[in-house]
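Colleague: I am new to this structure and would love a close look at one part of it, the surroundings of the ligand. Could you walk me through that region and how it fits into the rest of the chain?

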Amino acid sequence: MRSVTLSRFLIEEQRDKNVISPDLRLLIEVVSRACKAISIAIGKGSLAGVLGSAGSDNVQGEVQKKLDVISNEILLDANEWGGHLAGMASEEMELPHAIPNRYPKGEYLLLFDPLDGSSNIDVNVSVGTIFSVLRCPEGMDPNEQAFLQPGTRQVCAGYAVYGPTTLLVLTLGDGVNVFTLDREFGRFVLTQGDVKIPEETREFAINASNSRYWEEPVKRYVDELLAGKDGPRGQDFNMRWVASMVADVHRILSRGGIFMYPIDSKTRAQGGKLRLMYEANPMAMIVEQAGGAATDGRRRILDIQPEKLHQRVPVILGSKREVERITSYHGQ
Ligand SMILES: O=P(O)(O)OC[C@H]1O[C@](O)(COP(=O)(O)O)[C@@H](O)[C@@H]1O
Ligand SMILES: [Mg+2]
Ligand SMILES: [Mg+2]
């Protein structure tokens, strides 16, 4: 059987199904090329001297790894000149990045977490890139205000996971498709179409070292899971925590489960741990498109009106019934 490359898939989505515009198609092609370049840089590791810290902090006050900086540069460089974008925003940069005057401008806004899970990079564990695309509101400059749109307005979201294989997971708002990087040919090939997250699960992901900081509803939910077949759930649950959101979410997409980075007393002042615009919104769109659910414990993630670019939120996402259960505990 002939393989469907990402390029062919996107052309068909544009030409035959009218799901995306030609500009959005080209934009996704460029992002996918940048992900290939990041995958190659990561793959070289110590041979290219790319591991370790960059010796700087980002806008979030977090230590930047060399590969955080390199991945950010790759994405900026690849996307600046194509003419599809009005602007870009990155987890690693304080302010939106305007397209330089010498290049044509387009109607889209691209947001990204260039390297997710970067604390894992030096121990050779999966990391990724997460991205989201919005339209720049008509007549608006691509300043911070233009980016502050709820996740429901995303026209596309995706992530690359750099693991044993490099995968690109993409939604254009009509389901979720998974592409695998064929390294010899340098192209992404469709390997799983219309992915659906199983509704029920026996697996959960949370950083349990934070348990003493959790709110009551989260404690109750996790205690019930830990009680296993002797508890109210009547079955045993397994726990996994990679500490790269891309890898944890990808496992859930593949075999079900629930991922939680809830609000706790440690992160309350900053609003949570994960970033709304670069992590929560794109992942929530993907998870919903795959039949799952995503809330902050109280509200649907995609309905949250952002107040600032680097806003943080609590995140609970994955198999629908589990997300609904813990969300309902927050209302009691
Ligand atoms: O180290 P912790 O507290 O378990 O946090 C892990 C979480 O932090 C993150 O690494 C944050 O992402 P960045 O690496 O992009 O800052 C998530 O990928 C992951 O889910
Ligand atoms: Mg991240
Ligand atoms: Mg990051």
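**Around ligand 1**

Modeller: Happy to. Ligand 1 lies between domain 1 (6-192) and domain 2 (203-330), because both of them give residues to the shell around it. Please keep in mind that this is a predicted model.

Let us start with the shell itself. The residues surrounding ligand 1 are E62, E91, D113, D116, G117, S118, S119, N207, A243, S244, M245 and Y261. Sorted by class, they come to three nonpolar, five polar and four charged residues.

Several of these names also turn up in a record. In an unreviewed entry, UniProt lists D116, G117, S118, S119, N207 and K273 under "binding site". Under that feature name, the unreviewed entry also lists D113, D116 and E279. These three span 167 residues in sequence, yet no two of their C-alpha atoms are more than 8.5 Å apart, so they gather at one spot.

D116 is a good residue to pause at. You will find D116 in strand β5, which covers residues 108-116. D116 is buried, because 29 other C-beta atoms lie within 10 Å, and 20 or more is what it takes to count as buried. Setting aside residues up to four places away in sequence, D116 touches V127, G128, T129, I130, S244, M245, V246 and E279.

That last contact leads us to E279, which sits in helix α7 (residues 276-289). E279 counts as buried too, with 25 C-beta neighbours inside 10 Å. Apart from neighbours within four places in sequence, E279 is in contact with D113, D116, I130, M245 and L274.

Now compare two other shell residues, S118 and N207. S118 belongs to the loop between β5 and β6, and S118 is buried, with 23 other C-beta atoms within 10 Å. Its contacts, leaving aside neighbours within four places in sequence, are K65, L67, D68 and V127. N207 is in the loop between β11 (203-206) and α5. With 13 C-beta neighbours inside 10 Å, N207 counts as partly exposed.

From here we can step back to the two domains. Their centres, taken over C-alpha atoms, are separated by 23 Å. Where they meet, 35 residues of domain 1 are in contact with 29 residues of domain 2. On the side of domain 1 that touches domain 2, the elements giving two or more residues are β5, β6 (127-135), α4 (144-147), β7 (156-162) and β8 (166-171). The largest share of that side, five residues, comes from β6. By class, the residues of that side divide into 16 nonpolar, 15 polar and four charged.

For this half of the chain there is a record as well: in an unreviewed entry, UniProt lists residues 5-192 as "domain: Fructose-1-6-bisphosphatase class I N-terminal". Over residues 5-192 the chain is 27% helix and 32% strand, and the end C-alpha atoms are 12 Å apart.

Finally, follow domain 2 to helix α8 (residues 320-330), where K320, E322, V323, I326, T327 and H330 are buried. Seen down the axis of α8, these buried residues fall within an arc of 165°, so they line one face of the helix. The face turned away from that buried side carries the exposed residues E324 and S328. Among the elements covering the buried residues of α8 are α5 (216-226), β13 (258-261), β15 (293-295) and β17 (315-318).

Methods. Residues are numbered from 1 along each chain as its sequence is written. Chains are lettered from A and ligands numbered from 1 in the order in which they are written. This is a predicted model: local features need pLDDT of at least 70, side-chain atom pairs count only at pLDDT 80 or more; totals for chains, interfaces and linings use all residues. A residue is buried if 20 or more other C-beta atoms lie within 10 Å of its own, exposed if 12 or fewer, and partly exposed in between; C-beta atoms are placed from the backbone. Helices (H or I, at least four residues) and strands (E, at least two) are DSSP runs, numbered from the N terminus. The arc is that of the directions from the helix axis to the C-beta atoms. Two residues are in contact if their C-beta atoms, placed from the backbone, lie within 7 Å. A residue is near a molecule or strand if its C-beta atom, placed from the backbone, lies within 6 Å of it. Ala, Val, Leu, Ile, Met, Phe, Trp, Tyr, Cys and Pro count as nonpolar, Asp, Glu, Lys and Arg as charged, and the others, Gly among them, as polar. Domain bounds come from an automatic or database domain assignment. UniProt positions are given in the numbering used here, feature names are shortened, and annotations may be inferred rather than shown by experiment.
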